[in-house]
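Please examine the sequence and the structure shown below. The paragraphs that follow lead through the model step by step.

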Amino acid sequence: MSKPPAAMKTNGRPREPRFDPAEHLFRRVPLSIWDDPTERPGPEAVELPDMSVGRSKFGHAEWVRFDVVNGQHYEDWGILGVLVSDIPPRFWDLGVFQYTFVPCHDPEERDYPHSEVRAYNNGVHIRLADALPEDIHLKWRVALLREMDPIIKPRQKVPTREQPPRSHLLEAHTVAS
Amino acid sequence: MECSGQDFVEAVREIVVSFKLAAFKAQAVGDLTRPLFLKAASYGGLRDALNGRWVAQELRSLRAEAISFRNKGDWEKWFTKLANFSSLKPGWDSYRAEPPLAATIRAAEGFLMFLRKKGTSPTKINPSVVGGVGFSFRNGPRAVYIEFRNTGNAHAAFTDDASEPEVVKVRQDTTGYSEVVARAEEYLHEQTARRDENQRPSA
């Protein structure tokens, strides 16, 4: 396995709760559900609540190909990205329950860029999928998927950058021939 | 080498037998447009038969059978793919995805059998990271996604590039499947019908 860049480690850095609207969030998608680079994955690729993502302020898109929890490097998997400002912010259910969706920085020791898109019900964090009405659950995933763009396509060879990003904005990667 | 009279008679007999067999076959499948069939003779049947167009027809027929066979293979492919979801392990997406439960796969198989009977093939079938099985149907910018979840419920999402997605619950029986598939077909083909309507020249 290729080694995750040293800059992925937290190294005592604090949690950074503020997200710039122009920041990107990245998520890897298994080849088993996104194999064709000419297509886009379906809602089956989008998780809720607490969807794990990497943030562009602290990591590059190809960094999320490293699964530091299980010590795996999925070098062929595609990466989807979404702008923070494009995350569908809220849905109403029966005009009473307001579900909001926000990104939260949740650094791990070996993965500082790690973040989550969390769901809240009238301001209370929802931790279990079954605490969210299933129609709202699917509606939000479909709405989010529509805003997500392929950043790295499946099987695209992208050399891992060792240096951290210079800003919160998405930085172009190079594709190996 | 000259052809003897006996050879000529044999050759004609062979052609007549072949033509008769082809005509019976055409009649059996209700294809009265073949030049071999007597009722089609007025369409220049004999001439078409003699210049070999009937061979092209036979080839077309064979090709159609091959496509039908391939479609049969497509359905087998979907059923096999669905059955293979049972071998997925927890965390198969490298995050925390639950594999589809056996009951969810059975429910999805029931829906797939319904689709096969109806002749409506999905664009994709995949396991879902939220625990379940997802069927996708797409036509241009419009898509319908039907998800069978491990909770035992199924929902359909109707989506395009512009409007807010609409999600409805799917009743898991023949009536429910008929309703959602009819609605999906209408939704997916509505745009094509509208486009055709717009392109039609005014009288």
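What percentage of the 177 residues in chain A do buried residues make up? The model is a predicted one, and in it buried residues account for 40% of the 177 residues of chain A. The overall dimensions of this chain can be checked against a simple expectation. A compact globule of 177 residues would have a radius of gyration near 16 Å, and the value for chain A is 16 Å, so the two agree. Along the principal axes, the C-alpha atoms of chain A occupy a box of roughly 50 × 40 × 30 Å. Among the contacts in chain A with a separation of 6 or more, 74% join residues that are 24 or more positions apart.

The secondary structure of chain A consists of one helix and 10 strands. Read from the N terminus, the order of the elements is β-β-β-β-β-β-β-β-β-α-β. Helix 1 of chain A covers residues 134–147; its 14 residues should span 20 Å at 1.5 Å a residue, and because its end C-alpha atoms are 20 Å apart, the expectation is met. The buried residues of this helix are His137(A), Leu138(A), Lys139(A), Trp140(A), Arg141(A), Val142(A), Ala143(A), Leu144(A) and Leu145(A). Within chain A, the buried residues of helix 1 pack against strand 5 (78–83), strand 6 (90–93) and strand 7 (97–105). They also pack against strand 3 (142–149), strand 4 (154–159) and strand 5 (166–169) of chain B.

The contact between the two chains takes 22 residues from chain A and 22 residues from chain B. On the side of chain B that touches chain A, two or more residues come from each of strand 1 (124–128), strand 2 (132–139), strand 3, strand 4 and strand 5 of chain B. Strand 1 of chain B provides the largest share of that side, four residues. By character, the residues on the side of chain B that touches chain A comprise eight nonpolar, nine polar and five charged.

Asp93(B) lies in the loop between helix 3 (53–84) and helix 4 (102–118) of chain B. Is this residue, Asp93(B), buried or exposed? Asp93(B) counts as buried because it has 25 C-beta neighbours inside 10 Å. Leaving aside residues up to four places away in sequence, Asp93(B) touches Pro30(A) and Val129(B). Asp93(B) and Val129(B) are separated by 36 residues in sequence, while their C-alpha atoms are 6.8 Å apart in space.

Helix 4 of chain B, which follows that loop, has 17 residues and reaches 24 Å from its first C-alpha to its last, close to the 24 Å expected at 1.5 Å a residue. Its buried residues are Thr104(B), Ile105(B), Ala107(B), Ala108(B), Phe111(B), Leu112(B) and Leu115(B). These cover an arc of only 160° around the axis, and therefore lie on the same side of helix 4 of chain B. On the other side of the helix, Ala102(B), Ala103(B), Arg106(B) and Lys117(B) are exposed. After helix 4 of chain B comes Gly119(B), which has a positive phi, near 75°.

In soluble globular proteins, nonpolar side chains tend to be buried together. Here the largest nonpolar core has 69 residues, and those with the most contacts inside it are Leu144(A), Leu82(B), Ala108(B), Phe111(B) and Val144(B). Not counting residues up to four places away in sequence, Val144(B) touches Phe137(B), Ala156(B), Phe158(B), Ala184(B), Tyr187(B) and Leu188(B).

How values were computed: Residues numbered from 1 in each chain as written. Chains lettered and ligands numbered in written order. Predicted model: local features only at pLDDT ≥ 70, side-chain atom pairs only at ≥ 80, totals over all residues. Buried ≥ 20, exposed ≤ 12 C-beta atoms within 10 Å, placed from the backbone. Contact = placed C-beta atoms within 7 Å. Expected span 1.5 Å × (residues − 1). Nonpolar A, V, L, I, M, F, W, Y, C, P; charged D, E, K, R; others polar. Core = buried A, V, L, I, M, F, W, Y, C linked by C-beta atoms within 7 Å. Arc of directions from axis to C-beta. Rg over C-alpha atoms; globule rule 2.2 N^0.38 Å.
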